[in-house]
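Me: I would like to go through the terms used for this fold one by one. For each, please set the value against the cut-off and then conclude.

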Amino acid sequence: MGDHMSLKTAIVTGAARGIGLATTKLFLSEGWQVAMVDRDGAALADAVTTLDNVHGINCDVSDPASVDGMITEVLRHFGQIDSLINNAGVADFGPIEETTFERWRTVMATNLDGVFLTTQAAIPALKETRGSIVNIASISGLRASTLRVAYGTSKAAVIQLTLQQAAELGEYGIRANAVAPGPVKTKLAMAVHSPEIIAAYHDALPLNRYGTEEEIAQAIVFLASDKASFVTGQLLAADGGFEATGIGLPALRT
Ligand SMILES: NC(=O)c1ccc[n+]([C@@H]2O[C@H](COP(=O)([O-])OP(=O)(O)OC[C@H]3O[C@@H](n4cnc5c(N)ncnc54)[C@H](O)[C@@H]3O)[C@@H](O)[C@H]2O)c1
């Protein structure tokens, strides 16, 4: 080590598994160093031991004190923040009438409050590097569907929050963009996607399949990098054509 200061540094929240872990690995392969942030300490420790140029930080992004401590630790260890990837998220699908206020708050706390808190805490460091922010929204934030009253609303709010960040932080050279993944077979999705839902997605999506974590990571790392230096306030759906087709009736296919 010892050469920390010359490498670009990304913070990836929810980095212990799934899309966050794939994004971490892609950053590493492109020569970045990564602060891997997660509240699942055991899973994070396992992931960190397999990788070089990473620093694992146990943090709950919905807790302001935990977030402040995390940013301090990133700066102590790496000295700078070039990109913040707000990927930590939770899913809880249920009908409106069965979504208790507690379930609603749990989803909002991580998916929306977390993005607000980490970004606010990272702004002073992002000003120094004229860095970037990538927020992970969802196709569920673009289109309404049943059972997603909390999840879908949290992700729609993340899309608007991205626009607010782009509008306000542009004068510091800070870019903010969002990625809206379609379905990816991670632990999060498999907990809420039944075999019937999986089959229906395959049928309805123009690309006829789920995406991979790596495919979502490619969109995230592009928006974080200098390749997207004139792109801010945008939403990139990496979704197999989900947004383009709406309900995409298989019966209308030739
Ligand atoms: N998998 C999909 O189909 C899909 C589709 C659209 C959007 N997304 C979004 O992509 C992101 C990543 O999802 P995934 O599918 O990789 O999920 P995942 O459950 O596999 O991984 C999420 C990680 O975030 C961590 N995490 C959750 N809450 C946290 C908190 N408050 N503080 C710190 N860490 C926390 C978890 O411990 C876990 O390691 C989420 O924002 C999710 O909403 C996923």
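Me: Why is Ile57 called buried?

Reply: Ile57 has a relative accessibility of 7%. Buried means under 20% relative accessible area, exposed means over 50% and partly exposed is in between, with a 1.4 Å probe and protein chains only. At 7%, Ile57 therefore counts as buried. The model is predicted: local features need pLDDT of at least 70 and side-chain atom pairs count only at pLDDT 80 or more, while totals for chains, interfaces and linings use all residues. Residues are numbered from 1 along each chain as its sequence is written, and side-chain values use heavy atoms, with hydrogens and water left out.

Me: Where does Ile57 lie, and what is Ile57 in contact with?

Reply: Ile57 lies in strand E3. Strands (E, at least two residues) and helices (H or I, at least four) are DSSP runs, numbered from the N terminus. Contact means heavy atoms within 4.5 Å. With neighbours within four places in sequence left aside, the contacts of Ile57 are Ala35, Met36, Val37, Asp38, Leu44, Met70, Glu73 and Val74.

Me: What makes Asp68 buried, exposed or partly exposed?

Reply: Asp68, in helix H3, has 46% relative accessibility and therefore counts as partly exposed.

Me: Why are H3 and H4 called parallel or antiparallel to each other?

Reply: Helix H3 (residues 64–78) and helix H4 (residues 101–129) pack at about 30°, with their axes 9 Å apart. The axes are lines fitted to C-alpha atoms, for helices over the stretch in contact, and the angles run from 0 to 180 degrees between N-to-C directions. Angles under 35 degrees count as roughly parallel, over 145 as roughly antiparallel, 65 to 115 as roughly perpendicular and the rest as oblique. H3 and H4 are therefore roughly parallel to each other. On the H3 side the contact includes Asp68, along with Pro64, Val67, Met70, Ile71 and Leu75, and on the H4 side Leu117, Thr118, Ala121, Ala122 and Ala125 take part.

Me: What is the angle between H1 and H8, and why are they called oblique?

Reply: Helix H1 (residues 18–29) and helix H8 (residues 213–224) pack at about 55°, with their axes 8 Å apart. That angle makes H1 and H8 oblique to each other.

Me: Which residues make that contact?

Reply: H1 contributes Gly18, Ile19, Ala22, Thr23, Leu26 and Phe27, and among the H8 residues are Glu213, Ile216, Ile220 and Ala224.

Me: Why is Thr24 of H1 called buried or exposed?

Reply: Thr24 is in helix H1 and has 0% relative accessibility, so Thr24 counts as buried. Thr24 touches Val12, Ala15, Val34, Met36, Leu51 and Val54, not counting residues up to four places away in sequence.

Me: Which strands form the sheet, and in what order?

Reply: Seven strands form an open sheet in the order E3-E2-E1-E4-E5-E6-E7, and the pairing is parallel. Two strands pair if DSSP finds at least two bridges between them. E3 (54–58) and E7 are the edge strands, since each pairs on one side only. From one strand to the next, the twist averages 20°.

Me: How do you know that E6 pairs with E5 and E7?

Reply: Strand E5 (residues 132–136) and E6 pair over five bridges in the parallel sense. Ser132 stands opposite Arg175, and Val134 has Asn177 as its bridge partner. E6 and strand E7 (residues 235–238) pair over four bridges, also in the parallel sense. There, Pro181 has Ala238 as its bridge partner.

Me: Why is E6 called largely enclosed?

Reply: Seven of the seven residues of E6 (residues 175–181) are buried, so the rest of the structure largely encloses this strand. Arg175, Asn177, Val179 and Pro181 point one way, Ala176, Ala178 and Ala180 point the other way, and all are buried. In a regular strand the side chains alternate between the two faces of the sheet.

Me: Where does Ser83 lie, and why is Ser83 called buried or exposed?

Reply: Ser83 lies in strand E4 (residues 83–86). Its relative accessibility is 0%, so Ser83 counts as buried. Residues up to four places away in sequence aside, Ser83 touches Thr9, Ala10, Ile11, Trp32, Leu126, Ser132 and Ala224.
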